[in-house]
Every structure is written in structure tokens, then in C-alpha cells.
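Me: I'm new to reading protein models and want to practise on this one. Can we go through its hollows and helices together?

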Amino acid sequence: MELHCCPTRRAGIGIGFYGNSETSDGVSQLSSALLHANHTLSAIDHLVLETVERLGEAVRTELTTLEEVLAQRTELVAAARGARRQAEAVAQQLQGLAFWRGVPLSLLQVAEDVSFVEEYRWLAYVLLLLLELLVCLFTLLGLAKQSKWLVIVMTVMSLLVLVLSWGSMGLEAATAVGLSDFCSSPDTYILNLTQEETGLGSDILNYYFLCNQAVSNPFQQRLTLSQRALANIHSQLQGLEREAVPQFPSAQKPLLSLEETLNVTEGNFHQLVALVHCRGLHKDYGAALRGLCEDALEGLLFLLLYSLLSAGALATTLCSLPRAWALFPPRNPSALCSGSHLSEPLLYARLEPVPPPRSFPGCRRLPH
């Protein structure tokens, strides 16, 4: 019976290794998507902080110096102050783009926790699969060598693996059912959970989680106002360069510094427009869902099948090993000669008279 069960167990072990690998791939895809989303949000915060600090420094130094140089021309001072107001407006509008700043939920921490749990889950299943494979091989060895002590040890180990298989099967079934319910309609659940954990507005969350034409960009007004303000600053600086530099040569240096700051700000602004758009974060969201609802769920189903096959084969093995034990021959061969029912025929054979030797014609007994 064990010879028939071991192919089933080996097939189940192969299914288990495949399911464990698929589950690990799905969870790794989830972790990678979380890390990429965290990188995008961190890049938004970094660009906003850098741009706001650069604009603030320009307002405090270059524009202040420029106003002092152009103090004799009130219309030029008014243009410089207009550029100051526009720069402050851009800084204020850009600060609103860093929507993830101050949020208590850390995607980096979530990704690290998921990877940590998955690493130990993967290792536990590999050890369980290897343990079952060793139990199967040593059970066959014990049956082949007719070793009673090895069969006893493997019976105990089979019982232990059976308990582990039933426990893992219950855990896998519960996880697969819960994950299937989640994957049937994940958007609503994730929206509510994220809003509860982060405190972000529903307009921002709907924009990134849904990312379709029916949902408008909540940052569009800020982006439009910032772009207009940057264009106004650029035109004002060009006007000051044409009118102020011929009369005030010392104004050229702060104007060149302001032009450089404006170019860097415009470059950062275009990067922010691309990062704030929902395409990137929604792509990460879709990759995380595919990892969970395709690879991880498929792997869980294969692990469930493995646990079912393993539990059935182990239960059959535990029932068949006592029968195999009864078929083992005794260890002491002299036991075959012990007992009255075995020795009596031999005794009768000794008591029977031995017939005299027969002589043949032409043969003569030689004297001793």
C-alpha cells in the first residue's frame, strides 16, 4: 500500500513546491509595487520641498537685492515685487501637491513587513515539503529492509506531518476564501481602509485608485495656477532684463540667478506634473492586485491541493503500516524450529528405521 501512496505523495510534494513558488512570486510582486509607489510618493515630497526651498531662497536673496538696486525706479520695483508675489504663490500651490506628507501610513514599512512574513512562510513550507519527502523515502527504506524500528519512527513522523498538513490545509483554505472575497471587489475595501488609515480625502483616493475619465484630477487647479505663475515670473524677469540692466548693471547678477532658479523650478514642475498624474500610482496598484489575486491566489490553491493529497496519502500510510508490520518475518531464524507443532514431524522422521542399502547385480561389497 505504501508503494502506491508514495507516488501520490511525490506528486503532491511537486504541486506543493510549485504552489509555494507561485505564492512567493505574487507576494514579491505586491512588495515591489508597494516599494515603487513609496518611491513615487517620496519623489513628489522631495521635489516639492526642493522647489519650495529654492523659491524661498530666491525671494529672500535675489529679489530683495534686485528691489534694492532698482529702488530709484518705482515701476521696476513694482515689477520685481510682482515677481516676488508670483514666486510665493507658486511655492504655496506646490506645497499642496505633497499630499502624502504627514500621513501615518508608511508604504515602506508595509512592504518590509510583507517581505518579512513571506520569507518565513516560504521557508516553513519548504521545510514541511522536505520533511514529507524524507518521511516517504525513509518509510520505503524501512519497508525494503524490513526494519521495525525505522518503520516505528516513520509512523510517528507520518503522524506529525499529517497533523501539520491538516493545519496548513485549514489555514490555506481560510486564506484562499478571504482572498477570493477581497479580489471580487477590492476597490471599495481598499478605498475605505486607506481613507481610515491615512485621513486623505476621497477625491484624491478615487483619482489614484480608479484613474479614469470620470474622476477629475484634484490637483489640476494647483498645477494650472502654478504654471501661469511661472510664466508670469518668466515674462517679468525678461522685461526687467531689457529695461533695468542698461540703467542698473548691478541688477544683471541677481537677474541671472533668478533665471537659473526659474529654469530649475520649471524642470521640477514638469516632473511633478508627471509624478502627480494617476498613471504611475494606479499602475502600481494594479500590479499589487495582480500579484495578490492572480499569482498568490493560484499558489494558495495549489498549496491547498498539496495539503489535501498529502493528508490523504499520510492517512493511508498510517493505516497500511501495521499490516506491513505483520508481514515482516521474525528476526531469529531458530524460531522456526521452536514449538511442539514444528518439532514433532522432525521427531517422527528421526524415529523411522533406515532401510538397509540395496545391492545391485554385478556389484560386490568390498570388505572394510
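Reply: Sure! First, a term we'll need: a pocket is an open set of grid points with protein on both sides within 12 Å along at least five of seven lines. Keep in mind that this is a predicted model.

Me: Okay, what volume does the second largest pocket have?
Reply: Its lining is made up of 15 residues, with T23, V27, E118, R121 and T175 nearest the centre. The space they surround comes to about 340 Å³.

Me: Which helix gives the largest share of the lining of the second largest pocket?
Reply: Four helices each supply at least two residues here: α1, α4, α5 (148-184) and α10. The largest share is five residues, and the helix behind it is α4.

Me: How many charged residues are in the lining of the second largest pocket?
Reply: Let's go class by class. There are 10 nonpolar and two polar residues in this lining. The charged ones number three.

Me: Now the largest pocket: which helix gives the most to its lining?
Reply: This pocket has a volume of about 800 Å³, and 28 residues line it. Helices α1, α4 (107-145), α6 (186-198), α7 (202-210) and α10 (278-326) each bring at least two of them. The top contributor, with six residues, is α10.

Me: How many residues in the lining of the largest pocket are nonpolar?
Reply: Among the residues nearest the centre are L34, L107 and I190. Across the whole lining, one residue is polar and two are charged, while the nonpolar count is 25.

Me: What about enclosed spaces: what volume does the largest cavity have?
Reply: Searching the whole structure turns up one cavity of 30 Å³ or more. Residues lining the largest cavity include L55, A83 and I233. The volume is about 100 Å³.

Me: Which helix gives the most to the lining of the largest cavity?
Reply: The helices with at least two residues each in this lining are α1 (2-60), α3 (74-95), α8 (220-247) and α9 (252-276). The lining holds nine nonpolar, two polar and no charged residues. Four residues come from the helix that gives the most, α9.

Me: Why do the buried residues of α2 sit on the same side?
Reply: In helix α2 (residues 62-69), the buried ones are E62, L63, L66 and E67. They end up on the same side of α2 because, around the axis, they cover an arc of only 135°.

Me: One more: how far apart are the end C-alpha atoms of residues 122-143?
Reply: An unreviewed UniProt entry lists 122-143 under "transmembrane region", along with 150-169. Residues 122-143 are 100% helix and 0% strand. From end to end, their C-alpha atoms are apart by 32 Å.

Conventions. Residues are numbered from 1 along each chain as its sequence is written. This is a predicted model: local features need pLDDT of at least 70, side-chain atom pairs count only at pLDDT 80 or more; totals for chains, interfaces and linings use all residues. Side-chain values use heavy atoms; hydrogens and water are left out. On a 1 Å grid over the protein atoms alone, a cavity is a set of points where a 1.4 Å probe fits but cannot get out, and a pocket is an open set with protein on both sides within 12 Å along at least five of seven lines; lining residues have an atom within 4 Å of a point. Grid points are joined across faces, edges and corners, and a volume is the space filled by probe spheres set on the points. Ala, Val, Leu, Ile, Met, Phe, Trp, Tyr, Cys and Pro count as nonpolar, Asp, Glu, Lys and Arg as charged, and the others, Gly among them, as polar. Buried means under 20% relative accessible area, exposed over 50%, partly exposed in between (1.4 Å probe, protein chains only). The arc is that of the directions from the helix axis to the C-beta atoms. UniProt positions are given in the numbering used here, feature names are shortened, and annotations may be inferred rather than shown by experiment.
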